[in-house]
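Please open the model in your viewer and keep the selection panel at hand. The stops below go from the whole chain to single residues.

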Amino acid sequence: MTESDKRATQEEPPGEGNDPVTVQTYGTVILVAGMALCAGALMVEDGEPSWQVLGVFMLVVLVGLVLRIEAALLRR
């Protein structure tokens, strides 16, 4: 088996969900949605929402951030 055959068998087929642009786009959408939810909770509750609500929305922001970091690592 030649070197190019080895590389061809090790690469994942396209469409397996490892596209960095797709992962980055999902990360961006989730990040923005989480920030919008946090801002909305602050506006609706007059600046003092419960910490559970903000905690859940901050977890959404964290998931978006992790996806963006993963996309950056995939591009590397």
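Begin with the whole chain and switch on its surface: in this predicted model, the accessible surface comes to about 5900 Å², and 64% of that area belongs to carbon and sulfur atoms. Of the 76 residues in the chain, 16% count as buried.

Next, change to a cartoon view, in which three helices and zero strands can be picked out, so that the pattern read along the sequence is α-α-α. If you list the contacts between residues at least 6 apart in sequence, 69% of them join residues at least 24 apart.

Now select residues 20-44, which make up helix H2. Helix H2 has 25 residues and reaches 36 Å from its first C-alpha to its last, close to the 36 Å expected at 1.5 Å a residue. Show the side chains of Pro 20, Val 23, Gly 27, Leu 31, Gly 34, Cys 38 and Ala 41, which are buried in H2, and then look for what they pack against, which is H3. Staying in helix H2, pick Ala 39, which has a relative accessibility of 35% and therefore counts as partly exposed, since that class lies between the 20% limit for buried and the 50% limit for exposed. A distance drawn from the C-alpha atom of Ala 39 to that of Leu 54, 15 residues away along the chain, should read 9.3 Å. Just after H2, select Asp 46, whose phi is positive, near 55 degrees.

Move on to helix H3, residues 51-75. Helix H3 also has 25 residues, and its first and last C-alpha atoms are 36 Å apart, close to the 36 Å expected at 1.5 Å a residue. Which residues of H3 are buried? They are Phe 57, Val 61, Gly 64 and Ala 71, and what covers the buried residues of H3 includes helix H2.

For the last stop, return to the surface view and select Leu 59, Leu 62, Leu 65, Val 66, Ile 69 and Leu 73, which form a nonpolar patch with about 570 Å² of accessible area together. Within this patch, look at Leu 59, a residue of helix H3. Is Leu 59 buried or exposed? Leu 59 has a relative accessible area of 52%, and because the exposed class starts over 50%, Leu 59 is exposed. As you turn the view along the helix axis, keep in mind that an α-helix has 3.6 residues a turn, so residues three or four places apart point the same way.

Conventions. Residues are numbered from 1 along each chain as its sequence is written. This is a predicted model: local features need pLDDT of at least 70, side-chain atom pairs count only at pLDDT 80 or more; totals for chains, interfaces and linings use all residues. Side-chain values use heavy atoms; hydrogens and water are left out. Patches are made of residues with over 30% relative accessible area and no salt bridge: like charges are joined within 9 Å, nonpolar side chains (Val, Leu, Ile, Met, Phe, Trp, Tyr) within 5 Å. Accessible areas come from the Shrake-Rupley method with a 1.4 Å probe; for residues, only the protein chains shown count as cover. A salt bridge is a side-chain nitrogen of Lys or Arg within 4 Å of a carboxyl oxygen of Asp or Glu. Helices (H or I, at least four residues) and strands (E, at least two) are DSSP runs, numbered from the N terminus. Buried means under 20% relative accessible area, exposed over 50%, partly exposed in between (1.4 Å probe, protein chains only). The expected span of a helix is 1.5 Å times one less than its number of residues. Contact means heavy atoms within 4.5 Å.
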